[in-house]
Each structure stands twice: as structure tokens, then as C-alpha cells.
Amino acid sequence: MPAISITTPKPFDFDLTASHQTHYRGIAGADVYEGGVYYRALRRGSRVLVAAVSESSGGRGLDVSLEDGASDSDLAYAAQAVAGLLGLDADLSGFYDTLTADPVLARTVASLHGLRPTRTENVFEALVVAVIGQQISGAVARVIRDLLVRTFGTPAEAHGHALFAFPTPHVLAEAGHDELRAMKLSNRKAEYIHGIAIKTLDGTINDGHLAGLEDEEAVEELVKCRGIGRWTAEWMLIRALGRPDVMPAGDLALKRVVSQLYFDGADITESQLADFGRERWSPYRGLATTYLFSHLRRERAQNETGPDAAV
DNA sequence: ACCCAGGCATTGG
DNA sequence: CCAATGCATGGG
């Protein structure tokens, strides 16, 4: 099986990072983490490559394997894509310095040392996943996201696993309203996602262009799209572009966790959270957000399968 | 049977 | 310009 090694930066915890990417549940959308191997179906042009990623036996990096027939060029592509998905290119040193100055945050995320800010494959994936997650609980969002990926994603049988590449803008743009509604999306969200697919196809939403914009410029441009508000734009910047200083201050769960950790449970407003984050965590508000959410996700997943998993 | 959940667009003051 | 309202669905 063709494979390529990639060296990893420090600090880096592969298990933590792959678990975070799959919401500590082994599968989340197009991402799968099972038996110590992270699987992801990647799009390269019109083809799909399935990467299987595991720690090198030497422990000095990662091995990325593709199916037989993959070229050296495919391997180089996959190595680069996996490095992005796992956030290996992020710089954590400044954030860890911030942690030493914030004992509350440091204690909360103490067991997340080496977690990397993982990413989606592209802007479209992040936007669609964010729209799905608007207003509803993580549990509901997961059901809808996984259904969408299994229904409209590109199946890729490889490494003995049935995997799916994330649906293309083309497929979702071609899908009828009733087909999207069947994904348990609301009428509105079905329209939003359809529109985002169209705008991605016609270049109105363009990864390279957005990557060249400052955080706030990108938000201002994205919120012109129907269905994309500030919250959705900010999550896209974090998830797709790995922006380290973006914080979705309107996020209900983030408000709650910051309230509990820093304000004795008292309700805080969006602007209070924005001020707090700017003063306390700049310029690493995005990394603080990622770590806090990883903490929440893991707690929730453990509570469901943990103490009284009476099976 | 309610009520809430990692928002958004629309409407009405 | 700010406040209220409907939306779809699964879990508590």
C-alpha cells in the first residue's frame, strides 16, 4: 500500500486531535477515527482519495496511506491535505503562553495538551456544517450532518471501510428542495444550503479569495449571503481557514461555558463575551474557543457512553 | 406534553 | 435601531 510519512510539530497529540475532529464519537460527517487510524476521503479534482492516517511506529510522525494505484503525486497531495485537516501547521506556542496567564482556562483544558485546531476540507464544507448546526443541539446536528453526508456524499470503499467524501457543491446545487428537506433540514436551511452550493459553484464564495481577506472583511462579505450570519461566518473562519483569533461571541454554548467558568454562572450577553474574549484571549480567541468546545464535546460524549453505559 | 438547543431572516415598534 | 417571532428536529 502506497504511503508517505509526515513529520509532526510539537506539541501534538494524535489521538486527541483525531478524536476532536470526530467529536469524540469515532465518526462525524466525512471524518472517521477508528482503531487508532484516522480516515478521510479527500477530493483531488474529480477523483476521491481515501487517506488512512496513523502514528509512525517510531513515534516520530504520521504515516498517510492511500489505496493501491495511488501515485507519488497523490501521496504528496494527501500529505498536504491531512496536515491541514489535523491543523499541523498551526502555531500553538503563543496560545500556550496565554494559558499560563489564565489559570481558569488552563485548568479547564489541561487534559487537551497537544490538541490541534482541526479543519474541514474547504470553505463549503464548513459553511454547510455550520448552517446545519444553527440553533439546534449538537445531537440533532449530528444526525442531520451524517445523513447528508451518507446520502449526498461520494462513497469511497477503501481500507476495508465504507467512507464518504463530503458532498460537492454541484451535488447539493442539483438536489431538489424536497430531497434536502428529507435530510431533516428545515425549509429555510434547505434553501440556505442550496444557495451556498450555487454561490460556491459560480465563484461568489471562493476559498482562495476568502483566504486573502482579514477576519472582519471576510465576515462582512459572507453575511451578504442568505443564511450566513455572523456566527456562521465566524465558525467557517475557524473551521475552514484555521483563523486563530476568531471568536463566535453569539454562540450560546460558548456563552454558557464562559459564564460558568468566569462569571459564577451569571448570564452574559454577546457583547460582554466579545469584550471578555478580546481582553483576555487576544490574539488567540479562536484557539481558546476550539479548546473550550473540545472540552464540552468530550464531556458530553463521555456522559453518554461513560458512567452508566448499561448495555 | 412540554422545553430547549453551538441562529437567521423577517416583521413591527 | 432594538425586540419579538417562526422555524424543524431529537433529547431531556
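**Exercises: a protein surface and two DNA strands**

By class, 9 nonpolar, 10 polar and 7 charged residues make up the surface near DNA strand B. Here Ala, Val, Leu, Ile, Met, Phe, Trp, Tyr, Cys and Pro count as nonpolar, Asp, Glu, Lys and Arg as charged, and the others, Gly among them, as polar; a residue is near a strand if one of its heavy atoms lies within 4 Å of it. The model is predicted: local features need pLDDT of at least 70, side-chain atom pairs count only at pLDDT 80 or more, and totals for chains, interfaces and linings use all residues. Residues are numbered from 1 along each chain as its sequence is written, and side-chain values use heavy atoms, without hydrogens and water.

**Exercise 1.** State how many residues surround DNA strand B, and which element gives the largest share of the surface near this strand.

*Solution.*
Step 1. DNA strand B is surrounded by 26 residues, the closest being Gln135, Arg226, Gly227, Thr232 and Arg256.
Step 2. The largest share, 4 residues, comes from α12; helices are DSSP runs (H or I, at least four residues) numbered from the N terminus.

**Exercise 2.** Identify the atoms of DNA strand B that lie 3.2 Å from arginine 188 and 3.1 Å from glycine 229.

*Solution.*
Step 1. For arginine 188, a polar side-chain atom lies 3.2 Å from a base oxygen.
Step 2. For glycine 229, a polar backbone atom is 3.1 Å from a phosphate oxygen.

**Exercise 3.** Describe how lysine 184 and asparagine 187 approach DNA strand C.

*Solution.*
Step 1. An N or O atom in the side chain of lysine 184 is 2.9 Å from a phosphate oxygen of DNA strand C.
Step 2. A backbone N or O atom of asparagine 187 lies 2.8 Å from a phosphate oxygen of DNA strand C.

Technical notes
Chains are lettered from A and ligands numbered from 1 in the order in which they are written. A polar contact is a pair of N or O atoms within 3.5 Å; within protein, one must be able to donate a hydrogen and the other to accept it, and residues adjacent in sequence count only if both atoms are side-chain atoms. Helices (H or I, at least four residues) and strands (E, at least two) are DSSP runs, numbered from the N terminus.
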